[in-house]
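Visitor: Got a minute to walk me through this one? I'd like to start with what your words for surface exposure stand for.

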Amino acid sequence: MRKVRVVSHNVNHTPSQSHFILESLVGECDVILVQEPYYGPIKTVTSNSNPRGETLIGTQIHPAWLLLETRSPARVCAYVNRELLDLRPQLCAHVVDHRDMLLMSLTVDKQVYYYLNVYNDDRSTALSWLQDHAAELPPLDLVAGDFNLHSTAWELDAPHESPRAVDLINLMSGIGLSLVNSDGAPTHRPHNAALRSTVPDLIWAPSDRVASREVQAHVDLDGRGLSDHTILSTSLEVGWWEKSLPPSIKRKSEAEREFIKDMVDGVAKVEVELSTRDDIQRTCDAILAAVRAAWDAHAVAPRVSSRSKRWWNSECAHALTMFRHHRTAETRRTFKRAVKAAKAEFFEERIAAACEKGKR
């Protein structure tokens, strides 16, 4: 079973904090649910009417992340790692269209998983909306966000019970969800050390998963950067998936040599006729068909999963098979040498390609 790693974090309207989490969580997280994102000037873009350019207003984007937002500005947004694009991440604004909430979905093995990001302000605007529209919500696999409520159910030393805390508990119980981070670990530590830490950030998941401890929360206060809110993370099983890639032929391989040979032989057999436009078209179609036949005979669609490594090659696979079969010190060293050589070759090619591109 593959797990989707989800982080919930209030960035406190700080652009540098948004940039920090997008950069630092690229390889560590699949979905980031952001509360109180920064909305403001991003950069100056060219303008047809203003020689000085126009100021682009919005929130942070990043090449490794797909941004989902219901509107601009909003009190919540979400980022989905682009490695999950095959899971068809979608913004479900037709169900929840609200500046304080964002409903998104991922599809795995034809099953849809729904995640809800919530920012509940001091008037409990989001909570009131959810109470009024609970019957319209799909089965939720995760609800996370900043709820701004105090209760001994999640904050053991809470100085008082927020009037709407019971409403939140009853709402979540009614839709089959239970609190994940119920251990009382603080999720908000004010910059003013004289103030007490609190637990406004919560994660809710299906009750059966919480009871079996399949879903657990991790509170990272030290890695929160400039925000006074913790980085709250969890992971949820969503079945198995593989990234589909088009068929290809490995460079400098035996398959590549056979492909070139078959292509040359196939093209050589084409009868070239260039007398009329129709003759030229038939000749081009025949050449293309010969190339296509050679490609289809030798190209293989790679099987890429969540555990795949782009540097992995046939030598690594062979060395791993031998190590698993014999389990000796020598086969272990052979496997490690194969992995080291494969990584070196792969990254040297990437560096060379980047250098060549920079010369253009």
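Guide: Sure. A residue is called buried under 20% relative accessible area and exposed over 50%, with partly exposed in between. Keep in mind that this is a predicted model.

Visitor: OK, try that on R196. Which class does R196 fall into, and why?

Guide: R196 has a relative accessible area of 34%, so it counts as partly exposed.

Visitor: And what does R196 form a salt bridge with?

Guide: The partner is D157, and the closest N and O atoms of the two are 3.2 Å apart. This pair ties together distant parts of the chain, 39 residues apart: D157 sits in the loop between β10 and α3, while R196 sits in the loop between β11 and β12.

Visitor: Is D157 buried or exposed?

Guide: D157 counts as exposed, because its relative accessibility is 54%.

Visitor: How many salt bridges does the structure hold?

Guide: There are 16 salt bridges in the structure. One of the pairs is R164 with D167, whose side chains meet at 2.7 Å, N to O.

Visitor: How exposed are R164 and D167?

Guide: R164 is partly exposed, because its relative accessible area is 22%. D167 is partly exposed too, because its relative accessibility is 26%.

Visitor: What about networks, which residues are linked in one?

Guide: R75, R99, D100 and D121 are linked in a network of salt bridges.

Visitor: Let's switch to α8. Which side chains there meet in a salt bridge?

Guide: E330 and R333 do, at 3.0 Å from N to O. Both residues lie in helix α8, three residues apart, which is about one turn of the helix.

Visitor: How accessible are E330 and R333?

Guide: E330 comes out at 41% relative accessibility, so it is partly exposed. R333 is at 44%, so R333 is partly exposed as well.

Visitor: Which residues form the negative surface patch?

Guide: That one is formed by E315, E345, E348 and E349. Helix α8 gives the largest share of the negative patch, three residues.

Visitor: Take E345, then. Where does E345 lie, and why is it classed the way it is?

Guide: E345 lies in helix α8. Its relative accessibility is 43%, so E345 counts as partly exposed.

Visitor: And the positive patch, which residues form that?

Guide: R324, R327, R332 and K336 form the positive surface patch. K336 is found in helix α8, which covers residues 329-359.

Visitor: What about greasy stuff, which residues form a nonpolar patch on the surface?

Guide: V272, L274 and I280 do, and together they have about 290 Å² of accessible area. L274 is located in the loop between α5 (254-268) and α6 (277-298).

Visitor: Is L274 buried or exposed?

Guide: Exposed, because the relative accessible area of L274 is 57%.

Visitor: New topic: the sheet. What order do its six strands come in?

Guide: The order is β7-β8-β9-β10-β12-β11, in an open sheet with mixed pairing. Strands β7 (90-91) and β11 are at the edges, each pairing on one side only.

Visitor: How does β12 pair with β10?

Guide: Strand β10 (residues 142-146) runs antiparallel to β12, and four bridges pair them. For A144, the bridge partner in β12 is I203.

Visitor: And how many bridges join β12 to β11?

Guide: Three bridges, and here too the strands run antiparallel; β11 covers residues 177-179. S178 has A205 as its bridge partner in β12.

Visitor: How many residues of β12 are buried?

Guide: Six of its six residues are buried, so to speak of β12 (residues 201-206) as mostly covered is fair.

Visitor: Last one, G174. Where does G174 lie?

Guide: G174 lies in helix α3, residues 165-174. With 63% relative accessibility, G174 counts as exposed.

Visitor: How far is G174 from A135?

Guide: They are 10.0 Å apart in space, C-alpha to C-alpha, and 39 residues apart in sequence.

Definitions and conventions: Residues numbered from 1 in each chain as written. Predicted model: local features only at pLDDT ≥ 70, side-chain atom pairs only at ≥ 80, totals over all residues. Heavy atoms only, no water. Buried < 20%, exposed > 50% of the residue type's maximum accessible area, 1.4 Å probe, protein only. Helix = DSSP H or I, 4+ residues; strand = E, 2+ residues; numbered from the N terminus. Pairing = 2+ DSSP bridges. Patch = residues over 30% accessible without salt bridge, like charges linked within 9 Å, V, L, I, M, F, W, Y side chains within 5 Å. Areas by Shrake-Rupley, 256 points an atom, 1.4 Å probe, with all protein chains shown as cover. Salt bridge = Lys/Arg side-chain N within 4 Å of Asp/Glu carboxyl O. Lys, Arg positive; Asp, Glu negative; His and termini not counted. Charge placed at Lys NZ, Arg CZ, Asp CG, Glu CD.
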